Structure formats: C-alpha cells, structure tokens
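Please open the structure in a viewer and keep the sequence panel visible. The tour below proceeds by selection, from the whole chain to individual residues.

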Amino acid sequence: MRLAWRDIVRNSRRSVLIVALIALPIAVMTAALVVGMSRIPTAEQTITRELGTTQGRISTDYLGNGAVRQGPWGALGLVEFEDTGAQPSATAAFEDLLPSDYQILPLSHVASVIPQTNSDLYVATTIGDVLNPAFDGKYELLDGRSAQAQNEVLASTGLLKAFDLRLGDDLDTAAGTFTLVGTLRNKTVDDYWPQIYFAPDQLPAVFTQSADAEEYYLVGSQEPTWALVEQLNERGLVLTSGSFALSSEESHTQWLTPVFTQFDASSGVLIGFLALTEVGLLAGAAFAVGTRKQQRELALLAVIGTETSTLQKIVTASGLWLGLFAGTFAALIGIGAGLSFVGYRLLQGSASYVGLRIPWWWIIAMIALAVIAGVCAAFLPARAVARQASLAKVRSTATQKESQKPLRIGLALLPIVLLLFGSALAVNAWSRKYSVTTEAQDIIGLLTVLGTVALLASLLLLSGTFIRFFAANSTRWPLVPRLAARDSARHLGRSIPAVAAVLAATTLSGALLVLTASTERMNHENYTWEYNHNQGVIPLEQREYVPASEQTPLGLSTSPIGELRYFEGSQVLPVVQEVLGTNDTAQVLQGTPSSHRCWSLEQQAEERHDSAALESCVAWALAEPSGHECYLADDNWPLEPSDFKCEGSMATGNEEELPALVVGGESELAALLGRAPSAEALQMLQQGGAVLSNPVFQNPNSSATVVSYEPIAQPTFSTQPSLRIKIEPIASHEIPAVVEAPDKPLDYYAVISPETAQALAVTTVDRAVLVTVAEQLSQAQDDLLQGKLRPILGEYSGYTFELGPPSASSFLLWMMVAGSAVITLSAAGITAGLALADGRNDQSILASLGASPRLRRAISAMQLLLTTVLGTSFGLLAGSLITVVTLLLERDAMIEIPWAQFTVLIFAVPLCGSAAAWLLTQNNLPIVRRRALS
C-alpha cells in the first residue's frame, strides 16, 4: 500500500487522469440517484402533503355508486365497490358518525371563469380555509397576507404570471372582481399552474354545490377508528388517515405514479454498465502506460527477490486507492449537484420533488463500484508487468511473442453470445405463451446482460487479431499506413486499449441510436391518426350539461345528467369560414349518427329509473366477413400483428369523431383519403356502391355488407377472443364495394353516396365540420375560433387538429450523433494522448533516423485512424446487436437501423481522431533526441 501510494504521488498527472475518468460516470449516477430519490416521497411526507396535520380526509369521489371497501391508505390506495343491494346515497351525510369533538374543514374544487377578449378561460379554484393551522404542510403562504375582506383572494404564482398581475391588483372573474393579497403554494400542485383560493363564506352556496370534488378534513384530538371507516364505506365515503396508513405494512409507493418504469431501469442499468466499461478500459489504458514506465523499477524489485504476487499487488493497490478517492470525490460532487438541482426545483415550486433526500446506501454502493472499477482497470496491467521478472525482459518489452489464446477465446465466446441471446428470446417467448412474463423478467435480464458482456469481451479479444491481420497484409500499402499498421501490431499493449475505449463509447452510442430510431418508427407506425395531417373536426354532437338559464356565476353545471344536443352544419360552417385563411377549407361531413347517442339515452333512462323511456336505438356498421377475424393471444395482443386483418382503418371497430358510414361524394372522399380519389372509386359511388377504407370488410365477391345493430345490446363473444366485437345485426344489405384506403388509417368504414344511403334507409345527420388548413392555426386564430363557437355549440364545445406524430426524430438522431461523436472523440483523444506518451521513444528513434515531423505526424494520425475505425465499427455492431435483441423481447417490435447516422460516425470520428493525433504529435524532441544520437 505504501509503495502504491508513493507511485500515485510521483505520477500525479496520470493519477489525476484516472481519478477523473472513474469519477465522471459515478458523479453523474450519484446525482441521478439524489434527484430520483427526491421525487419519491416517504410515507410521512405523503400524509403531510395530502392531509397536513388533520386526522383524516373524507372523500366523496365514490359517492352515488353504493358501498365501497378501502384499504389502510384510503383514497390514496385501492378502493373497491361492493354491491350490497342498498340504494346509493347522493349526499355526503356523515356528521352523525363522527366523535363530538371533531371539527370539519371542507374543501371544494371548482373552476372559475375569467372573461377574455375572444373567449373565456377556466382556472382551477379551491374554496375553503386553506390557511387553517391544520393544513400546515399541505398549503404554504409564500408572499403577502391572508384574505380578510370579502373581495380579497389568494392565488398561485402561476396565475400572477399567466395574467401579468401583482399583489394588490384586481382580478376579474364571472363571480365578480377580487383583489389579490397573497400567493399560496399547494404542495401537491406545481406553482406554475394558475390557482385561485376563496374563503368558504366569500361565495354563495351554489358554488360549492357545483364542485367537481368535495373533501372534508377532520380536526380533533382522537384518531379515527376502523369502525368509523367501515361505517363511512357503507355510505360510499372513503376516509384517508395517517393513523392507518403509517401503521400499515402496505407500501405507499405502489399506489403512486412510478417515477422510473422498468424500461427506464433496464436502460439505466445498460447505460451505466457501458459507461463503466468505457471508464474501466480508458483507466486500464492509463494504467498500462504507467506500468510500462515502471517496468525497470518493478523488475529491479523482482531481481532482489520480490514475489510476482507482490509486484501485482503494488499496481493493483494503486487502482484501489485511486478508485476509492475517485468514488468519494464523485459522490460528493454528485450529491452537491443533485441537491442543488432539487433545491432549485423546490424553490420554483415543483410538486414533483418532495424534499432533499440522500440515498446513503446507494451512495456507498456507487463508491464501492468506483473501487471495483479502479481495481479492474489496474488488474490486467498489473498482471502483465508482474510477469516480467528480469532486467532482460525490461530491455525487450517492445516485442512480445504472439499468442493465439486471445483468438481462441474470442472465437469461442461468439457461439456463447448467440446461445445467451437466443436463450433470452426463447425464455421470453415461453413466458409469454404461458403468461409468466413477470416471473421470467429476472432470468431474461440476466441472460441479456451476460450476452452483452460476452459480446464485448469477444470483440476485444479479436481486435488484436484484426490489427495483426492488417499488418500482415500491408506489404503493398503506401509507406505511412504500412508503418502505422506494423507499429500498431508490434505494440498491442497500447493499440488494444485504444480500440477498446472507442468500442465501449460507440457501443453506447450505437445502442442509443438504434433504440431511438426504432422507438420513433414504432411511435410513427402505431400512431393513432384521428384525421389527416392539418385536419380538424368540429363535432356537431355536443354534450350539454346545463341550460344557459341555470348556469351558476362560475359557469358550472348543477345538473348530474349531460344531454346530447345536435346542431346543423349551416350554423357552424359560416363562422369557421370567417376565421380560416384563404388556403384553408371547411365542409360539413354527413353520415350515420354516433353510437354515443344510444349510450346517452340509456344513461338518462337509468338516472330517471324509467327503463321504458329507452327507445330502440340503431347504429350502422359494416359486417366482418367470415375468415377476416383478428384473433388475440392471452396477453390481448394480436396473434399476427402484421396481418392485414389487424391493421388499417377501423381495425378495432371503435367509432370516434368521424361517422361510421360517411355519406357524401367526391369532395368528402378526397378529404378523407388525403388525395384525389381514383376513377374506379368515383364510379363505384355513382353506381350505388361503397368505397371501403379497409380490405378487411370486403367480401370475397367484391361486395360489403351494411348492417344495423343496437350498440347497447349485450355483445356476443366467440370462443377465441378477437380484436373486433361480433355484431348482431338487426338488418343487413349487401352492396358492391371497392377498396380505396386513406393515406392514414382514419376511423370510418366506408363512403357511400346520399342516394345509396336513402335506398338502404340509413339515417343521415350532420356529424361534424371537417376543416383542412394549410398550416397550424395561430394562437390568435385559435382563440378567435373558440370564442365564436362557444355561443353556438356551448361552453363545453371543442375541437382538435391532427398534427401527426412528433417530427423531431431526425433532429434528435443527429443531435445524438453529435453527442456520440463528442463522447467517442473524448475516448479517442485520451487514448491518443496515452499512446503518444507511451510511443515517445519510438518517435525519438524515427527523428534520430531523419524522419521529418510531417512523417511522424502522419504515422501517429494513421495509427489512431486504424484503431478508431476498428473500434467504431465493432462498437456500432455490438450496440446494434444488443438493442435489436432487447427490442425483439417486445411484442410487435419494429427495428430501424439509422444507416446515415452510422455512416457519419464511422467516417467522422476516425478522421477527427486522426486530426487530433496529428496536432498532438510534437515536432521537437530535444532531450530524447540527444540521448538517441549519443
């Protein structure tokens, strides 16, 4: 240990480099742990943020559904409905169940209307005594004072920023004008969300009656009993109390939104492993250079009788000390960075972070990981130098006898790699077949990690063989590449670490590139297109919750039943055309009525307890021909996802905003197709046929079967589950049909002409106004359109425009290429510097023989070009294979190789690395040259 410490101090530059290499990924992972753990609340923090210091909270979310059964975590955990046969209660009556000393603090959550020029905005509003001391820990007054007058309110800082207000300014709402006197923080909501806080007596009772959610907090000296919980559950109420939650063995985190998914964890482990691999290889290269400079001193120790194991321990101990120092230093840096970031987010009012948490056991594990990395990095150089036990070997260390052992081991590992990856895929397929995927995840993960390790080890062991192969076949090469190849083969001790470092860096880069490209492709292929790109639909079927005459001052409904209202296209079309630009179009889309109408009628009948009022409600669809079923596996995924029976428009049979059967002509068909329709399709419309959106609904005789059915009727399920529910038709009509699929899989069955609809007695209504714009509406146009539609369609009206899947994937890939190039060039630069330091004597000999600086620079550049090309190629191959295997573990995986980005990496990184080697090679070597000439 003492000799190792003296060696660390004497070679301070090399030691600092090794410490920095090990510390960097450890610091990043430590900071990520601090940030991640600060997002996961403890049980006590969860209770305080939700309940403050109260004894509990009674929630009315489940009221009206009958009795419920809750767990110890109440509304924060699992709540189940229980059918007791009793009539559900519609009122929250529970005061008779509470102890006499309990005080009830109600909180109501509504939405305030803030009038604007073009439209009204809705802001979340809380009504209650939020500054009551019982709410300490749940609410916090940030600035100003409490509201004391009837016209004073509190607000979040987000509301002040959104409306450019300051404390003391007036806020106009539909309920009146109020003065902002203080800013309040809700510990469960981000500060940037606009919020208004009213006192209970500031507004009429109608506001609390129209609340979206009501909560009652209990303040008292006694803790609630479980008997009280059972009584409340019988009335459909749920009690959340810290006395039950904190004493429960049930984990609170299982009911919280997960911070890290299993995919995130797996990806994090893979990235961390590859990062540590790169660090170990770079640090190993640094150790290798250092030990070769120590060979004379260590050989002298061997001559005087020092055992080989002792020589090895000296170098290994250096790795231990440096790893420990790097881990400790990185942990301090990571903790500081993580706490600084979390502290900043807390000051910004982020509810995602619950406080400053340092996971000490994980930090200790990170330090241990750094120590292991240091020892592993020093192990191979220590073993190599320990074998040189005489001064003769010191003088002949430049040449080493070629060994076939690495080649044999590398080739032997390749079938093992295939076996491990194949076993992972086989276990995954077996677990999916027998529905034991959860139990098999650990085995699959272990096999994948072992396969990754074996693959990287195999490529590393084979890299020396490739370098020797290039050197052996360089006879006809020009002078510079021939000398570079032969020198690289002669000094594998510095060539292989250079290849290994670049390989590790590009493996990580290649894996991320393939993963990103494949994910983007899957997102694009599986994207649910509601309409064509830059198209929007304004539904003419709107749910009206309350007539205008019964609206409260907040603009909210007091009616429990939402009724459907139907509008004519002529009422909306002129307003839309007034707002749109000259290159935009709008047209009324006619078709069959929505099946939502039937469900609305059923809901109203149940609310009024009058089943006789439910009239027969008919919807329309296309029948699925026999043999066109898309059968599902046990995991509810299609057995053959790529089969045409499971793809395309209406593949699931679920109707959304578009009519199931669109009634129109050429203009409607063109708008849905996203292109001009074919002559065959137009002829079919004129001949009384249908233009189908999906071949799955076409009969073998080139026809389609139009059926009417009752949507609320009990569906019929086949023995083998299918993607589309079997329709029991009331009536059916077979008409000729041709398939003309739209550019995007829109949810409609077919287009038929008005004459065909009349002949088939198909009910036709104005369903929507279809808007096609040349470019996305500006915010001013959007606000104007919203403001003009609300008086016509009601305040709950809305529309959406189809913008398509995210289009930044190509930009993201090129940004990743740039980041990957920086990481890889950093690794190449470090290895270049180490190789130049190690080959300084060779450079001096070339200079003494008359080699010009330009020749020596060219040889150094060509050596690094050779190693980086080999390392980059191996790394991209390994990263791609690892990611492909990982993706194949998923159902319906799509694999995309970003060839353009790979090509740039293969060419750009070696060229930049060669340029760095050219610049780093010294022109003058005065001291070494004098020694060589003497």
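The stops that follow move from the whole chain to a sheet, its core, and a few further sites.

**Whole chain**

This is a predicted model, in which local features need pLDDT of at least 70 and side-chain atom pairs count only at pLDDT 80 or more, while totals for chains, interfaces and linings use all residues. Residues are numbered from 1 along each chain as its sequence is written, and side-chain values use heavy atoms, with hydrogens and water left out.

Begin by selecting the protein chain in cartoon form: it has 27 helices and 24 strands. Helices (H or I, at least four residues) and strands (E, at least two) are DSSP runs numbered from the N terminus. Of its 934 residues, 46% count as buried, where buried means under 20% relative accessible area, exposed over 50%, and partly exposed in between (1.4 Å probe, protein chains only). The accessible surface of the chain comes to about 45,300 Å², and carbon and sulfur atoms hold 58% of that area; the areas come from the Shrake-Rupley method with a 1.4 Å probe, and for residues only the protein chains shown count as cover. Among contacts (heavy atoms within 4.5 Å) with a separation of 6 or more, 82% link residues 24 or more positions apart.

**Colour by confidence**

Next, colour by pLDDT, the predictor's confidence in each residue, from 0 to 100. The protein chain averages 77, and 73% of the residues score at least 70. Confidence is highest in β19, at 93, and lowest in helix α27 (residues 926-933), at a mean of 43. Select residues 252-265, where the pLDDT is below 50; this stretch has 19 contacts in the model beyond near neighbours in sequence. Residues 546-561 also have a pLDDT below 50, with 36 such contacts. Where pLDDT is low, the predicted coordinates should not be read in detail.

**The ten-stranded sheet**

Now display the open sheet of 10 strands, whose order is β17-β20-β21-β19-β22-β18-β16-β23-β13-β24, with mixed pairing. Two strands pair if DSSP finds at least two bridges between them. Which strands stand at the edges? They are β17 and β24 (800-801), each with a single partner strand, so one side of each is left without a neighbour in the sheet.

Moving to the interior pairs, select β18 and β22, which pair in the parallel sense over three bridges; Val663 has Ile752 of β22 as its bridge partner. Then add helix α19 (residues 666-673), which packs on the sheet and touches β13 (535-539), β16 (585-591), β18, β19, β22 and β23 (765-772). The direction of α19 makes about 105 degrees with that of β16; axes are lines fitted to C-alpha atoms, for helices over the stretch in contact, and angles run from 0 to 180 degrees between N-to-C directions.

Strand β16 runs antiparallel to β23, joined by seven bridges, and Ala586 is the bridge partner of Val771 in β23. The pairing of β16 with β18 is also antiparallel, over two bridges, with Gly591 opposite Val662 in β18.

**The nonpolar cores**

Show side chains for Leu622, Leu661, Ala690, Leu692, Val706, Tyr749 and Ala750, the residues with the most contacts inside the largest nonpolar core, which has 24 residues. Such a core is a set of buried Ala, Val, Leu, Ile, Met, Phe, Trp, Tyr and Cys residues joined through side-chain atoms within 4.5 Å. At least two of its residues come from each of β17 (619-622), β18 (661-663), β19 (690-692), β20 (703-709), β21 (731-739) and β22 (750-752). Centre on Leu661: leaving aside neighbours within four places in sequence, its contacts include Trp620, Leu622, Val706, Tyr749 and Ala750. A second, separate core of 21 residues includes Val417, Leu459, Phe874 and Ile882.

**A hairpin**

Select β8 (residues 170-173) and β9 (residues 176-186), which pair in the antiparallel sense over four bridges and are joined by a hairpin through two residues. In β8, Leu171 and Thr173 point to one face and are buried, whereas Asp170 and Asp172 point to the other and are not. Asp170 stands opposite Thr179 in β9.

**Helix positions**

Finally, select Arg408 in helix α13 (residues 405-433). Is Arg408 buried or exposed? Arg408 is exposed, at a relative accessible area of 55%. By contrast, Thr507, in helix α16 (residues 492-525), counts as buried at 0% relative accessibility. The C-alpha atoms of Thr507 and Thr883, 376 residues apart along the chain, are separated by 9.9 Å.
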